[in-house]
Amino acid sequence: MLIIIVIILIVAVVGLVIYNLNIHKKIQTYKNINQKINNLSVVQDFMSTIGETSRVEDKIKKINNILIEKYEIKYSTIVVFNGAEYEIKASNVDERHWDSLKRLQDVDMFKDSIAQATPKYVTVNNDTERLPYQQMEFGRAKCAIFFPLYIDNVYIGYWIIESGTPHDFDNVDTTVLEVIKDNIVSVLKTVVHQKTLESIVRKDLFSGLYSEEYLYGEGRKIIDQYTISTICMFRITNLEEINHKCSRELGNKVVEEISDYIKNNISDQYVFVRYMGPKFVIAFSGVELNGVVEYINDLKERIENLEVVIEEKQRETAFPRLNFAVSTYYKGTGLEEILKKQEQYLDNCDINESDITNI
């Protein structure tokens, strides 16, 4: 009888162990699924941020805030080499500590991490110690993980996360952190093109207008405040003729007077740039095509009746001729594709055409 009871107890214990193992496995599976869902959510937030019309610096700061919120990271700092020096692109650490945070590439323990493209985990054992890279701070961070960042095998900076608790990252899932790091690199790689555009925007000497690149940065930010806008490109069709038969000085004055006239007669919410050479673009932000046709007709008539004169050169004079192409633009679609089609049309149509064409 005793043997039977023992056997029953053994079976019961084994059953409970198997049951607990199954429960643990299900919990672990649930955690993994939950982590994957969280990671997917973060990636989606990253992609949404990339698609926004804000400045590059604002995007990187927002991405860092997403990391801090979604993964409950105490401190997160993204540092990028800009070609001349290391600069902190995003951090929730007090600015008084930024000097040390942007010099981590000079710390011996992180040099190996950079050289080998591997993360480095450092921690103290008690609250009286401080991390080796800290100079004047004791209570803020007690452990950290340093991630070197590479784009196409080229080192561009680093991401460092910190905690105020010793050994806080001992059991952290580094696989997840590696995924986050790769997402940070993807974002930096994507926004670098926007940064290039923002840095090369210039103002044209004669028209005083921004160049084409402005449209894809600050200009798009203004345009995309609205769902639908009208993009208008026009060409001064006889500008080359004026330059050749009269003088380039007169041609420059034609550009200057047309630009001044339009600047003084359009709303501040519209974007007006010198696209290239004799071509200009007006983006009527938030206005549908049928709402600008009458205005463009009037604008065309007034400018073509504008006599441009240089008195100093035996009264050189010219009347500009304009050819227009207009298109509807929907927020989030390819602005550059619309402009390319308009440009192709204006460059390839009859030189004597002076019209308003819907592309």
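Helix H8 (residues 248-263) lies across four strands: S6 (228-236), S7, S8 (279-284) and S11. Against S6, helix H8 runs at about 155°. Keep in mind that you're looking at a predicted model. Let's start with the sheet under discussion, then go through the helices and finish with a couple of odd loop residues.

**The sheet**
- Strands S7, S8, S6, S11 and S12 line up in that order to make an open sheet of five strands, and the pairing is mixed.
- At the edges you'll find S7 (271-276) and S12 (356-358), each of which pairs on one side only.
- On average, neighbouring strands of this sheet are turned by 25° against each other, if you ignore direction.
- S11 (residues 322-330) pairs with S12 in the parallel sense, over three bridges.
- To spot that pairing on screen, look for Phe 324, whose bridge partner in S12 is Ile 356.

**Helices across the strands**
- Helix H10 (residues 335-348) lies across S6, S7, S8, S11 and S12.
- The angle of H10 to S6 is about 30°, while H8 runs at about 155° to that strand.

**A closer look at H8**
- H8 has 16 residues and reaches 22 Å from its first C-alpha to its last, close to the 22 Å expected at 1.5 Å a residue.
- Which residues of H8 are buried? They are Leu 250, Gly 251, Asn 252, Val 254, Val 255, Ile 258, Ser 259 and Ile 262.
- Here's a handy bit of background for reading such a list: an α-helix has 3.6 residues a turn, so residues three or four places apart point the same way.

**Where H8 meets H9**
- H8 packs against helix H9 (residues 293-304) at an angle of about 140°, and their axes are 11 Å apart.
- The crossing of H8 past H9 is right-handed.
- From H8, Ile 258, Tyr 261 and Ile 262 meet Leu 299, Arg 302 and Ile 303 of H9.
- Sorted by class, that contact has five nonpolar residues, one charged and no polar ones.
- Ile 258 and Ile 262 turn up in this contact and also among the buried residues of H8.

**Two loop residues with positive phi**
- Asn 153 isn't a glycine, yet its phi is positive, at about 65°.
- You'll find Asn 153 in the loop between S4 (143-151) and S5 (154-163).
- Is Asn 153 buried or exposed? Asn 153 counts as exposed because its relative accessibility is 75%, and the cut-off for exposed is over 50%.
- His 167 also isn't a glycine, and its phi is positive, near 60°.
- His 167 sits in the loop between S5 and helix H5 (174-200).
- With 33% relative accessibility, His 167 counts as partly exposed.

Methods. Residues are numbered from 1 along each chain as its sequence is written. This is a predicted model: local features need pLDDT of at least 70, side-chain atom pairs count only at pLDDT 80 or more; totals for chains, interfaces and linings use all residues. Side-chain values use heavy atoms; hydrogens and water are left out. Two strands pair if DSSP finds at least two bridges between them. Axes are lines fitted to C-alpha atoms, for helices over the stretch in contact, and angles run from 0 to 180 degrees between N-to-C directions. Contact means heavy atoms within 4.5 Å. A crossing is left-handed if the near helix is turned anticlockwise from the far one by less than a right angle, and right-handed if clockwise. Ala, Val, Leu, Ile, Met, Phe, Trp, Tyr, Cys and Pro count as nonpolar, Asp, Glu, Lys and Arg as charged, and the others, Gly among them, as polar. The expected span of a helix is 1.5 Å times one less than its number of residues. Buried means under 20% relative accessible area, exposed over 50%, partly exposed in between (1.4 Å probe, protein chains only).
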